[in-house]
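Work through the exercises below with the sequence and the model at hand, and try each task before reading its solution.

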Amino acid sequence: MWGDKVKHGSAAIHHLILDLLACGMVEPTDHPQTVALREAVGTAAGLLDHDISQAGATIICTANESVTVDPSQLTQVLLNLIQNSISH
């Protein structure tokens, strides 16, 4: 049961990220780069490792897609999403 909730939650976050990027919620940048979503999630999760452990959460990303964005902006979006997910 818990595993299903985690899988569903990570899938929802994955789709939300793609939707946010598709809707142009992230400001354009002069130097976009192609970034693997899995690596970006890993970076954000690494920065929040202590908070994730304290919450007893596990971050799983099965995305194989890449996006062309400013890496720091994508990291900020992911940090916000993960922080909101583990605090609620």
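**Exercise 1.** Which helix gives the largest share of the lining of the largest pocket, and how many residues come from it?

*Solution.* The model is a predicted one, in which local features need pLDDT of at least 70, side-chain atom pairs count only at pLDDT 80 or more, and totals for chains, interfaces and linings use all residues. Residues are numbered from 1 along each chain as its sequence is written, and side-chain values use heavy atoms, with hydrogens and water left out.

Begin with the space itself: the largest pocket holds about 650 Å³. Its lining is made up of 27 residues, and those closest to the centre are Val-6, Gly-9, Ser-10, Ile-13 and Thr-58. Next, look for elements that give two or more residues to this lining, which are helix 1 (2–22), helix 2 (37–47) and helix 4 (71–87). The largest share, 10 residues, comes from helix 1.

**Exercise 2.** Find where Asp-70 is placed, and describe its surroundings.

*Solution.* First, locate Asp-70 in the loop between strand 2 (66–69) and helix 4. Asp-70 is buried (under 20% relative accessible area, with a 1.4 Å probe and protein chains only). Then check for a salt bridge (a side-chain nitrogen of Lys or Arg within 4 Å of a carboxyl oxygen of Asp or Glu): Asp-70 has none, and the nearest side chain of opposite charge, Arg-38, is 20 Å away. Finally, note that the side chains of Asp-70 and Ser-72 are joined by a polar contact of 2.7 Å.

**Exercise 3.** Which residue lies 8.3 Å from Ala-11, C-alpha to C-alpha?

*Solution.* Start from Ala-11 in helix 1; the partner is Thr-62, 51 residues apart from Ala-11 along the chain.

Notes:
On a 1 Å grid over the protein atoms alone, a cavity is a set of points where a 1.4 Å probe fits but cannot get out, and a pocket is an open set with protein on both sides within 12 Å along at least five of seven lines; lining residues have an atom within 4 Å of a point. Grid points are joined across faces, edges and corners, and a volume is the space filled by probe spheres set on the points. Helices (H or I, at least four residues) and strands (E, at least two) are DSSP runs, numbered from the N terminus. Buried means under 20% relative accessible area, exposed over 50%, partly exposed in between (1.4 Å probe, protein chains only). Lys and Arg count as positive and Asp and Glu as negative; His and the chain ends are not counted. A polar contact is a pair of N or O atoms within 3.5 Å; within protein, one must be able to donate a hydrogen and the other to accept it, and residues adjacent in sequence count only if both atoms are side-chain atoms.
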